[in-house]
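Got the model open in your viewer? Let's walk through it one selection at a time.

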Amino acid sequence: MLSKQLSAFSAPPRYRNSGAFVHGTKFRNFASIMEQGLKAAKSEIYMVDDVRPDGRVPGLKQAPEILIFIDEDKARKEHMHFEYDAREGTWKTRGIDGVIRPWFFQKVIDQRRGRGRGNILFQSKEDPLMQAGKLLGPVRPRYLLHATYWENVAGILTEGIVPAKNPLSDIRKPFKDLLQGAESHVYTMRSTDLGCLESKVVPQSEVVSFIVDKEQVGLDRQPDAIFVIDTSKAEKMGIDLEMVQSGDDREDNIYVRGRIPAEILTAQPNIPRNLPDTLKAKIVDPKSFEQIPIIDLALSEAEVIKKLTYSCEVVGFMQVVGHGVPLELQEKALDLQKRFFQLSQEKKDKLRLREESLVRGYFGRGGEDLDQVLEKQVDEANGKDSIQKSRKDCKEALDMNGVPWAKPKGGFIGEIFGQPSQMPSEEELPGFREVMEQYALEMFKLSKRLLELMALILGKPRDFFHQFLDQPVATHRLLHYWPIKDFNLEIGVGEHTDYGLLTILKQDMVGGLQVLNAKDGVWVHCCPVENAFVINLGDMIGRWTAHRFKSTVHRVVTTSDKDRYSVPFFLEPNLDTVIAYGGLCSGPGSSSESKFDPPSREEDTAGAILERFYRASGQLRTSGDK
Ligand SMILES: O=C(O)CCC(=O)C(=O)O
Ligand SMILES: [Fe+2]
């Protein structure tokens, strides 16, 4: 339509080729025209059949503020009559009974000076642009580019690129239904034209020199940043990007339907041609992390909440100090833990997990292997050489009931998790039971305290989680890791997320806990901190908050030649708690209606999630149908 070489404006009418008539008018008429159509009340409706480069329309004193494109084919099929005025180079019509209804409009474009110039105010599903061919199979480009301004960058890095599905401006809101279809697309370009990318993977840590001119991407000022959309990563992640090739003369334009998730995007600055290398900077996702936050719980509640919010929403991990759990108790517990694992194998084997005590007891090598639990996303982060799978967890553990007072409901699962702990006898290890139960009580208290603050962050009353914690399930696990001999065959704990609400972990000073920053594909050490507890969030709270709270992938790689001891306390709510996807949030950032999010299912109770995890990790091997 805007093709300059074949401007129908300068050609005789019989050579018209644009398929659209264009009517220009004032912006203030837009709303009423969309409601009532273009009216030929006093005079006829004047139109041109192409827009001149200066945006002027003959016969109008001033350049029009909006341009209304009328679908010529549709109009002629309905017997609308158009008359050409050779002297003015314009067309006129009386529409049908004096009106051209909005049904005939292809689109309405904002022509006012300023940032909004060129914006599409209305676009019909029948606009040829939206009718163009879908890109399927091998013709789909590996990378697409989306150019944008700084004001959108941080938002896109967290939310992905969101098409203007629901218009926000007052003027466009009333036409929401008309806009649907056209506006649910994100505008992108093939990367070929812009050089450098088609064959090369964009390294996350490097600044790729993009030089994109505003004309290439149809913006009215120079774009600040270019988002590279990795379509093959999308495919690997099972994200189906529906791409539509532009139907007009700009064949590099590709429209992608729906939200483009942040996971497949990389941001690069758009660099002016003459910018020296020394003045370049990389765009770092403000929602990505390089450290595990440390929170002093003795600070004011306001300060704690601020740090906790960041830790929950960005990292999914934190270390807390100032928690008030007596150091002496921690030391006693650690001492008994070491002495427990030093008992003879025969004595430990007496406490083994078995038919009558499926989840409460001792297990050695092979009792739980987490290396298979997660697949694709971790491979991505590990790099291409990570095809190696199924390392064995190099650990032994004693799983105790962390809330021995609770009577969890939930049938078979409730029954087995509610069973009492198996512990060494008082003669074998004096004080073991007393110290462990005291310790577990402290962990439950600390969990509750943290969940109270999290409830406040989620806009709920402080005691919101209490209702789900009167008959909870908790596993108090003592862990012992042996030094690893062969890193290809063994790992401390394979990559996984925890499944519950939250985990409180005490680790000794040997180190080895690693946390995945999935945004950048980088593993971050969770360095041991004296008298601190590591807190991490599990899948249940992640799912319940529609991932506003992160359940972050982690693993243990023990590189030390010393034995390592740690104590996770895993907390789950009452097993009949329905963990509905997004059930805990109503605020922004949580409302994504994306097709990539899993729907809520009836059976997603805490009990069902717990069972799934235990089966996937090999800890629960019986059918459970008894
Ligand atoms: O021992 C650790 O540091 C972490 C253990 C862990 O992540 C787990 O058991 O779920
Ligand atoms: Fe874990």
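Start with the lining of the largest cavity: by class, that lining has 12 nonpolar, 5 polar and 5 charged residues. Keep in mind as you click around that this is a predicted model.

Select the whole lining next. You should have 22 residues highlighted, and those nearest the centre of the cavity are H496, D498, H554, P568 and F570. The space inside comes to about 220 Å³. If you want to look further afield, a search of the whole structure turns up 3 cavities of 30 Å³ or more.

Now switch to a cartoon view and colour the strands. Which strands supply at least two residues each to the lining of the largest cavity? Pick out strand 22, strand 24 (493-496), strand 25 (502-507), strand 29 and strand 30. Strand 30 gives the most to this lining, with 4 residues.

What sits in the largest cavity? Show the ligands and you'll find ligand 1 there. Select its surroundings: 13 residues lie around ligand 1, and Y481, H496, H554, R564 and S566 come nearest. By class, this shell has 7 nonpolar, 3 polar and 3 charged residues.

Time to zoom in on the side chains and turn on distances:

- Y481: an N or O atom of its side chain is 2.6 Å from an oxygen atom of ligand 1.
- R564: a polar side-chain atom is 2.8 Å from an oxygen atom of ligand 1.
- H554: here a polar side-chain atom lies 3.0 Å from an oxygen atom of ligand 1.

With those contacts still on screen, add a surface to the ligand. Ligand 1 on its own exposes 290 Å², and the protein buries 97% of that.

Last stop: back to the cartoon, this time with the shell around ligand 1 selected. Strand 22 (473-481), strand 29 (554-556) and strand 30 (564-572) each supply at least two of its residues. Which strand gives the most to this shell? Click on strand 30, which provides 4 residues. Strand 30 also gives the most to the lining of the largest cavity, so to speak your home base for another look around.

Terms used. Residues numbered from 1 in each chain as written. Chains lettered and ligands numbered in written order. Predicted model: local features only at pLDDT ≥ 70, side-chain atom pairs only at ≥ 80, totals over all residues. Heavy atoms only, no water. Near = heavy atom within 4 Å. Polar contact = N/O pair within 3.5 Å; in protein donor to acceptor, adjacent residues only side chain to side chain. Areas by Shrake-Rupley, 256 points an atom, 1.4 Å probe, with all protein chains shown as cover. 1 Å grid on protein atoms, 1.4 Å probe; cavity = no way out; pocket = protein on both sides within 12 Å on 5 of 7 lines; lining within 4 Å. Sits in = over half its atoms within 2 Å of the grid points. Nonpolar A, V, L, I, M, F, W, Y, C, P; charged D, E, K, R; others polar. Points joined across faces, edges and corners; volume = space filled by probe spheres on them.
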